[in-house]
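Visitor: I am new to this structure. Please take one part of it and go through it closely, then show how the rest of your description connects to it.

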Amino acid sequence: MNRIAVLVFVASLAGQQPDAHLAAARRAETSGDFAAAELEYEKALAVHPDATTYQRLGLVCHLQNRFAEAIPAFRSSLKLQPNQWAARLFLGMDLYRTNQFASALTELNSADRLKPGDLEIRFWLGVTHLALKQYFPGLKILETLSREQPKNLQILRILAENYAAFSATLLNEVAEKYPDTPAGMLVHGQALEFEGADEAALEIYRMLNLKWPDRPGVREAIDRLKGRSSSRPRPSPEAAADASAFPL
């Protein structure tokens, strides 16, 4: 989705009046020499600070994956012209790339207010919420985007990864905060079972069944683990006798 944002961003900057440095910067940018374009934009800004030129400087830094250097350029541009949705978007993206997630969310929310419903802004809002472990808003945004773009594999991958993380977070929280409740004990048993500690899990399920015999799923879990235990191959008496000859 980053490539789309770059194209939209470049289009939004069309029409600036170039001087010698800006013309040289544009030529370098068009040829893909972003480092040379960066130098020319810096020279132009030394002569005349301008919001559009700061935007361009931020963009060529971004395209070189120099996200930390892009941040002050976008901030300088926004100081001169605060209502630029594209500059807010790219500032949010670069703050995200440098793990400044709370600041990124602030800028992305501002971009969303300036251009409501934009797909790129919504995508970065979603992933930033998830980076902050704000699973409900993040998953909601990306689920909506996935329905609108069902073939977008990037969104599907992010959703799959974060569904698992969200489930694990909820289970751990229940187990830690409410260990003596039916829900807490059930989560504990499920965690032990997942780790392969079937005997310990079976003991938890039995305790749970004694305290709350009508708890859904517990009887089935006990039967499942007992069936799994009975189906395991057991050593023959001869093999057991041979094994006992070896010291532990």
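Guide: A residue counts as buried when its relative accessible area is under 20%. The model is a predicted one. By that cut-off E40 is buried, because its relative accessible area is 17%. E40 sits in helix α3. Its side chain and that of H21 are joined by a polar contact of 3.0 Å. Leaving out residues up to four places away in sequence, E40 touches H21, A24 and A25.

The next residue to look at is E29, which belongs to helix α2. E29 has a relative accessible area of 11%, so this residue is buried. Apart from neighbours within four places in sequence, E29 is in contact with F34, A37, Y41, R56, L59 and V60.

V60 also serves to place D33. The C-alpha atoms of D33 and V60 are 9.1 Å apart in space, while the two residues are 27 apart in sequence. D33 is found in the loop that runs between α2 (20-30) and α3 (34-47). Is D33 buried, partly exposed or exposed? D33 is partly exposed, because its relative accessible area is 37%, and the range between 20% and 50% is the one called partly exposed. The side chain of D33 reaches the backbone nitrogen of A36, at a distance of 3.2 Å.

From here the description moves along the chain to the later helices. Helix α5 (residues 67-80) packs with α6 at an angle of about 150°, and the two axes are 9 Å apart. Angles over 145 degrees count as roughly antiparallel, and α5 and α6 are therefore roughly antiparallel to each other. Their crossing is left-handed. On the α5 side the residues that meet α6 are F67, A70, I71, F74, R75 and L78. On the α6 side they are A87, R88, F90, L91, D94, L95 and R97.

Helix α6 also crosses helix α7 (residues 101-114), at roughly 160°, with axes that come within 8 Å. The pair α6 and α7 is therefore roughly antiparallel too, and the crossing of α6 and α7 is left-handed. From α6, the contact is made by W85, R88, L89, L91, G92, L95 and Y96. From α7, it is made by F101, S103, A104, E107, L108, S110, A111 and L114.

Two of the residues just named, Y96 and F101, belong with F123 and W124 to a cluster linked by ring pairs. How many aromatic pairs does the structure hold? There are four. One of them is formed by Y96 and W124, with ring centres 5.3 Å apart, 75° between the planes and an edge-to-face arrangement. This pair links distant parts of the chain, since Y96 is in helix α6 (residues 85-97) and W124 is in helix α8 (residues 119-131), 28 residues apart. W124 counts as buried because its relative accessibility is 4%. F123 and W124 also pair: their ring centres are 5.5 Å apart and their planes stand at 90°, so this pair is edge-to-face. F123, like W124, is buried.

To return to the part looked at closely, E40 of helix α3 is buried and has its polar contact with H21.

How values were computed: Residues are numbered from 1 along each chain as its sequence is written. This is a predicted model: local features need pLDDT of at least 70, side-chain atom pairs count only at pLDDT 80 or more; totals for chains, interfaces and linings use all residues. Side-chain values use heavy atoms; hydrogens and water are left out. Helices (H or I, at least four residues) and strands (E, at least two) are DSSP runs, numbered from the N terminus. Buried means under 20% relative accessible area, exposed over 50%, partly exposed in between (1.4 Å probe, protein chains only). A polar contact is a pair of N or O atoms within 3.5 Å; within protein, one must be able to donate a hydrogen and the other to accept it, and residues adjacent in sequence count only if both atoms are side-chain atoms. Rings of Phe, Tyr and Trp (its six-membered ring) pair if their centres lie within 6.5 Å; planes under 30 degrees apart count as stacked, over 60 as edge-to-face and the rest as tilted. Axes are lines fitted to C-alpha atoms, for helices over the stretch in contact, and angles run from 0 to 180 degrees between N-to-C directions. Angles under 35 degrees count as roughly parallel, over 145 as roughly antiparallel, 65 to 115 as roughly perpendicular and the rest as oblique. A crossing is left-handed if the near helix is turned anticlockwise from the far one by less than a right angle, and right-handed if clockwise. Contact means heavy atoms within 4.5 Å.
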